[in-house]
Amino acid sequence: MAIQIKGIGKSFPQNGKQTNVLVNVNLTVNDGDFVSLLGPSGCGKSTLLNIIAGLEKSTLGEVIVDQQVVTGPASDRVMVFQEAALFPWLSVIDNVMFGLKIKGVSSKQAEEMAQETLKMVHLGRFTKAHPHELSGGMKQRVAIARALVMNPKYLLMDEPFGALDEQTKLLLHSELQDIWQKTKKTIIFVTHSIHEAVQLSNRIVLLGTRPGRIIKEFAIPYSQPRGKNDPNLTYIEGQIFDDLKVEIEKVMQEEVDHDYHVTPNRLPWSSDRDMGSHI
Amino acid sequence: MFPSPFTVAQTLMNGFQDGSFIIALKASFQRLLIGYGLAIGIGVLLGVSITKFKIINETVGMLVIGLQSVPSIVWLPLALLWFGMSETAIIFIVTLGGTWTMTTNTATGIRNVQPVLTRAARTMGASGWQLFVKVTLPASVPYLITGMRLAWAFAWRALMAGELIGSGSGLGQMLTFGRDVGNMSLVLSIMVIIAVIGMILDNLLFQRIERNVLTRWGLAKT
């Protein structure tokens, strides 16, 4: 019962009326969980993560972390963003030491801890480099090190691999699994990739859109590391896709034409491919 | 009435040899540095308070935009009235020359800090003053440098204008003196000095700093 999300609702005014981003979200995250919040774009999964982090306020309900109501950000819940969000004026090691210095750790100790954590993400050679000299994957490794070095109880990740290329993403997936097993952190991971969620997490919370709400929960009880072509995982992926289909259809109908719909094993419907029905 | 390049070169050499140019340069630079320093200080303070306090933004903020379009030399009659024919009057003009552009650049810089940087810092426990000093301010350095460069250019022009009218022993006053005695080679050699100093400081110093900062902050176009 580490994180309890109780009746969270979030709405904001848009074009003169209230738009609901999240409605009545209830969720309990246990210690050591790797929970993925999975949903189509615009389902409020990032908003929910921001509320847990304390970066945004909810309109209704509350988040309780270790028996305490969240009122603002705290260093027991460090967040990793899609953009690495490194401080460009600081070297890699200074970036990693940033949070420790805020916490009041002595420079010498902070440097040792930072070195150690950078080795863990395989960047031991690049401590003196500056962010503009690093590739996207390396930046994200620094961002993960910067979060891990604080030794937070909860690691919040907002599509951390969303902007990376496929190969880098695959490598970082297995490294994150490794980190999770080594450090036993509780991770809440926001993603829109079913495959990523199935590969990494032991629980998947499926969010629907308009308004954002929890529609289903899946447990992935398989051991890690997980093979890419594990039939069990592929089966779950298919199941999740079926549940998400309705939600994706909703998003598409708002973004493109209203007659858009998804049929299993078919290309999207088009009048050009209507073979002979109107002869 | 137009002296040959050789006469100008001769005047330049003589001026540096007998030390009269050195004295003028010293006097000018003293005023410039005091005025410029004040402009940067006041500009940053004003810029920060504009972004931090809504009431200041709505009052001073609008005023600054208006004042920016007033060439600072226009203030000289008032400055002479307030401070007399003194150093202070010229320093006042120089300060006014640089302050407004520094203010607007500081404010723009602080407003344009990527929100994700402050959010990242907040989740690591930074807040309040610490957040401002360790994240917001360094993140707006590219804009601050641009502001400092522009403020330098404006202050330099204001100084010359102020010295042409005001009293003392600066470059501008020497220029007036050259005109008064009809010594055009003196006038031209001082123009050469002004151009060279402007070029050295702007192109070699400020542009170089700016380029380094933009590269490091990941903003340079390659």
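Start by selecting strand β4 (residues 60–65) of chain A together with β5(A): the two pair in the antiparallel sense over two bridges. The model is a predicted one.

**The open sheet of chain A**

Stay on this pair and pick A:V65, whose bridge partner in β5(A) is A:Q68. Then widen the selection to the four strands of the open sheet, which run in the order β2-β1-β4-β5 in chain A with antiparallel pairing. At its edges are β2 (17–29) and β5 (68–69) of chain A, each of which pairs on one side only. Now add helix α1 (residues 45–53) of chain A, which packs on this sheet and touches β1 (3–14), β2 and β4 of chain A. Looking along the helix, note that the direction of α1(A) makes about 120° with that of β1(A).

**Strand β8 and its two partners**

Next select strand β8 (residues 186–191) of chain A. Is β8(A) mostly covered or mostly open? Mostly covered: six of its six residues are buried. In a regular strand, side chains alternate between the two faces of the sheet. Show the side chains here: A:T186, A:I188 and A:V190 point one way from β8(A), while A:I187, A:F189 and A:T191 point the other way, and all of them are buried.

Add strand β3 (residues 34–38) of chain A, which pairs with β8(A) in the parallel sense over five bridges. To find the register, select A:F34, which stands opposite A:I187 in β8(A). Then add strand β7 (residues 154–158) of chain A, also joined to β8(A) in the parallel sense over five bridges. For this pair, A:Y154 is the residue to pick, and it stands opposite A:T186 in β8(A).

**Chain A as a whole**

Zoom out to the full chain. Chain A holds seven helices and ten strands. Its radius of gyration is 21 Å, close to the 19 Å that the globule rule gives for 279 residues, so chain A is as compact as a globular protein of that length. Along the principal axes, the C-alpha trace of chain A spans about 80 × 40 × 35 Å. Colour by burial, and 37% of the 279 residues of chain A count as buried. Of the contacts in chain A between residues at least 6 apart in sequence, 67% join residues at least 24 apart.

**Two domains in chain A**

Colour chain A by its domain assignment, which gives domain 1 (1–76 + 152–279) and domain 2 (86–151). How far apart do the C-alpha centres of the two domains of chain A lie? The separation is 28 Å. At the boundary, eleven residues of domain 1 of chain A are in contact with nine residues of domain 2 of chain A. On the domain 1 side, select helix α5 (residues 166–183) of chain A, which gives the most to the side that touches domain 2, with four residues. By class, that side of domain 1 of chain A has eight nonpolar, three polar and no charged residues.

**Helix α2 of chain A**

Move to helix α2 (residues 92–103) of chain A. Its buried residues are A:V92, A:I93, A:N95, A:V96, A:M97, A:F98, A:G99 and A:L100. Select α3 (107–120) and α4 (136–148) of chain A as well, since these are the helices against which the buried residues of α2(A) pack. Just after α2(A), pick A:G104, which takes a positive phi of about 95°.

**Where chain B meets chain A**

Now show both chains. The contact takes 17 residues from chain B and 22 residues from chain A. On chain B, select α6 (115–123), α7 (128–139) and α10 (184–216), each of which supplies at least two residues of the side that touches chain A. Among these, α6(B) gives the most to that side, with six residues. By class, the side of chain B that touches chain A has nine nonpolar, five polar and three charged residues.

**Last stop: B:G97**

Finish in chain B by selecting B:G97, which sits in helix α5 (residues 87–111) of that chain. B:G97 counts as buried because it has 28 C-beta neighbours inside 10 Å, against a cut-off of 20 or more. Which residues is B:G97 in contact with, leaving aside its neighbours within four places in sequence? They are B:A39, B:S72, B:F154, B:A155, B:R157 and B:A158. Also select B:L150, which is 53 residues from B:G97 along the chain, with their C-alpha atoms separated by 9.9 Å.

How values were computed:
Residues are numbered from 1 along each chain as its sequence is written. Chains are lettered from A and ligands numbered from 1 in the order in which they are written. This is a predicted model: local features need pLDDT of at least 70, side-chain atom pairs count only at pLDDT 80 or more; totals for chains, interfaces and linings use all residues. The radius of gyration is taken over C-alpha atoms; the globule rule is 2.2 Å times the number of residues to the power 0.38. A residue is buried if 20 or more other C-beta atoms lie within 10 Å of its own, exposed if 12 or fewer, and partly exposed in between; C-beta atoms are placed from the backbone. Two residues are in contact if their C-beta atoms, placed from the backbone, lie within 7 Å. Ala, Val, Leu, Ile, Met, Phe, Trp, Tyr, Cys and Pro count as nonpolar, Asp, Glu, Lys and Arg as charged, and the others, Gly among them, as polar. Two strands pair if DSSP finds at least two bridges between them. Axes are lines fitted to C-alpha atoms, for helices over the stretch in contact, and angles run from 0 to 180 degrees between N-to-C directions. Domain bounds come from an automatic or database domain assignment.
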